[in-house]
Amino acid sequence: MNDVLWFNGRFTTTDERVLRVEDRGFLFGDAVYEVFKFIDKHPIFLRDHSLRLSNGLKSIEIRNPWDEQTFIATMTQLLERTAFDAGIVYIEVSRGEGERAHVFPDDMTPTGVAFSRRFNFPDAAKHERGIRLISTDDLRWKHCDVKSVNLLANALAKKHAQRKGGDEVLLIDCNIVRECGSSSFFIVKSGVVITHPLDCHILPGVTRDRVIALADRVEERLIDVRELDDADEIFITSTTLGVMPVNQIDDRAKRTRGPITAELQQRLKEAEVERRTPSSAHAAKPRDIR
Ligand code: PLP
């Protein structure tokens, strides 16, 4: 589609491939978008759209490539270059590109794009006829069981933990301990390894599954936040961390690695060696991708 495109301060067309694969908009959904319509080349409610975009960016700490004046100037130029009189302008600003890691540096350079598109606005007949709705559950975004790239919430939560001096974030939902920003969560109580049951609130971790298979006694049930103080041991799991002991949560008492955690670390290591496929011996040096 040979439409006019504004990309990071210059005009081109949507035929040009401008985005890099390591852009956080692509990898994490770490971006904000806006759409306004224009009729006879006139943008409609442009200041309102500018304000919403600016508020959204501020709220997730992405630098706004525009102030209100430059935003209006850019959109005016985009419409001048557009070959049609009516349509929409789609705008997206991501946190920018960088090494793939949930926790982002504070000084990223945002990626900004804006392009115009023709659009079939409803005509008078459709506005009279109306449209039909179909209802469904509001699942926005409650499908944590899908390893989706909608990771903005995870990235922000992990950033919060980093700022507070943590290595990982523990996600608590109405006093229920779900899991971590990019790892599964376990406690051990009286010899029983306890973790959240598989449902839409957690990712079905591959390591979680392995550890459950390797543990002697397991209970999959909801963990109340009050159980954290009394737990004998606490650990988290992921592909990159393996079984990782938790030595403190917030300002609670410090802990040391417990015997069941140590045993599961050993069992997981052994299982990884057993399962190693011949090709893995030649695999590239792994990077910290979770
Ligand atoms: N939970 C979340 C939210 C994750 O993102 C991950 C890994 O990315 C995990 C748990 C651990 O899953 P796995 O053991 O498959 O790496």
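**Exercises on helix α2, the cores and the cysteines**

The buried residues of α2 are L46, H49, S50, L53 and L57, where buried means under 20% relative accessible area, exposed over 50% and partly exposed in between (1.4 Å probe, protein chains only). This is a predicted model, in which local features need pLDDT of at least 70 and side-chain atom pairs count only at pLDDT 80 or more, while totals for chains, interfaces and linings use all residues. Residues are numbered from 1 along each chain as its sequence is written, and side-chain values use heavy atoms, with hydrogens and water left out.

**Exercise 1.** Work out how the buried residues of α2 are arranged around its axis, and what they pack against.

*Solution.* Begin with the element itself: helices (H or I, at least four residues) and strands (E, at least two) are DSSP runs, numbered from the N terminus. Looking down the axis of α2, one finds its buried residues within an arc of 100°, so they line one face of the helix; the arc is that of the directions from the helix axis to the C-beta atoms. Turn next to the face pointing away from this buried side, which carries the exposed residues D48, L51, R52, K58 and S59. Finally, list the partners: the buried residues of α2 pack against β3, β4 (42-43), α3 and β5, a contact being heavy atoms within 4.5 Å.

**Exercise 2.** Identify the residues that touch the most other members of the largest nonpolar core, and the element that gives its largest share.

*Solution.* A nonpolar core is a set of buried Ala, Val, Leu, Ile, Met, Phe, Trp, Tyr and Cys residues joined through side-chain atoms within 4.5 Å. The largest one has 21 residues, of which L53, W66, F71, M75, V89 and I91 touch the most other members. Two or more residues each come from β1 (4-7), β3 (31-39), α2 (46-59), α3 (68-81) and β5 (87-94), and the largest share, five residues, is that of α3. A second, separate core of 14 residues includes F185, I194, I223 and V246.

**Exercise 3.** Decide how many disulfides the structure holds, and explain why C180 is in none.

*Solution.* A disulfide is taken as a pair of cysteine sulfur atoms within 2.5 Å, and the structure holds zero. For C174, the nearest cysteine sulfur, that of C200, is 13 Å away. The sulfur of C180 is 13 Å from the closest cysteine sulfur, in C144, and this is too far for a bond. As for their surroundings, C174 is exposed, with a relative accessible area of 72%, whereas C180 is buried, at 5%.
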